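Hi everyone, thanks for making time this morning. I'd like to walk you through one model, so please have a look at it while I talk.

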Amino acid sequence: MGNRDVLVLGLGNTLLADDGVGVHVVRYLAGDPDTPPCLRTLDGGTLGFRLMDALTRSESVILVDAAQLRAPAGTLCLLDGDALADHVSRGGRMSAHEAGLVDLLTLARLMGWSPTHLALLGIQPDRVGWSERLSEPVARAFPAACRTVVQTVLDWQ
């Protein structure tokens with residue numbers, strides 16, 4: 001990856017309906033010809049610590065995941081910079097995969113990783129259960145989630 005490239009890491013399980021929204025976002029962006037060339041995608045699925053190498057080789061990272069926002073289904077919340085650091089330091093839990101994610105980020109920082117930019121885009125799920133389809137509210141929010149990722153990448157450039 002180039003120095004100014006941004007890794008967009010999608011998390012979740014696409015077999016569990018809205019839980020897989022982060023993976024759906026990165027798959028869409030990977031196939032969209034209008035995606036900026038500096039945006040690199042990775043389907044992180046439920047890989048956990050196996051993502052360490054890709055994470056620590058990246059200077060700017062956006063994580064995309066289903067998140068418990070205590071808000072209407074399909075609501076988006078972007079935490080970056082100080083807001084994300086404060087959320088993590090207070091022991092906040094937003095993402096369904098955040099316990100492993102916090103451990104991953106903590107270990108990466110202990111190994112000396114100091115990203116220029118780091119953000120988490122959380123999307124409030126409606127349904128998490130056996131299904132390969134997103135719920136209607138999350139499907140409606142999907143284009144806005146993709147636009148938010150692209151705009152954040154462009155802002156970081």
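Let me start with a term: two strands count as paired if DSSP finds at least two bridges between them. And a reminder before we go further: this is a predicted model.

With that in hand, look at strand E1, residues 6–11, which pairs with E2 in the parallel sense over 6 bridges. If you want one position to click on, take Leu-9, whose bridge partner in E2 is Leu-42. Between the two strands, the chain goes from E1 through H1 to E2, a right-handed β-α-β crossover.

Now stay with that helix and that second strand, and we get to the charged pairs. The model has 4 salt bridges in total, and I'll show you three, including one that joins H1 to E2. That one is Asp-43 with Arg-27, where the closest N and O atoms are 3.0 Å apart. Asp-43 sits in strand E2, residues 39–45, while Arg-27 belongs to helix H1, residues 21–31. They are 16 residues apart, and the pair links distant parts of the chain. So how exposed is Asp-43? Its relative accessibility is 32%, so Asp-43 counts as partly exposed. Arg-27 also comes out as partly exposed, at 47%.

The next salt bridge brings together the side chains of Arg-57 and Asp-53, at 3.0 Å from N to O. Here Arg-57 is exposed, because its relative accessible area is 57% and the cut-off for exposed is over 50%. Asp-53, at 48%, counts as partly exposed.

Then there is a pair within one helix. Arg-140 forms a salt bridge with Glu-136, and the closest N and O atoms are 3.8 Å apart. Both residues lie in helix H5, which covers residues 136–156. Their spacing is 4 residues, about one turn of the helix. Arg-140 and Glu-136 are both exposed.

Let me finish with something nonpolar. Which residues form a nonpolar patch on the surface? They are Phe-49, Leu-107, Leu-110 and Met-111, and together they have about 450 Å² of accessible area. Please find Leu-110 for me, in helix H4, residues 98–110. Leu-110 has a relative accessibility of 70%, so this leucine counts as exposed.

That's my tour, and I'm happy to go back to any of these spots with you.

Note on methods. Residues are numbered from 1 along each chain as its sequence is written. This is a predicted model: local features need pLDDT of at least 70, side-chain atom pairs count only at pLDDT 80 or more; totals for chains, interfaces and linings use all residues. Side-chain values use heavy atoms; hydrogens and water are left out. Buried means under 20% relative accessible area, exposed over 50%, partly exposed in between (1.4 Å probe, protein chains only). Patches are made of residues with over 30% relative accessible area and no salt bridge: like charges are joined within 9 Å, nonpolar side chains (Val, Leu, Ile, Met, Phe, Trp, Tyr) within 5 Å. Accessible areas come from the Shrake-Rupley method with a 1.4 Å probe; for residues, only the protein chains shown count as cover. A crossover is right-handed if, with the strands pointing away from the viewer, the path from the first strand over the helix to the second runs clockwise.
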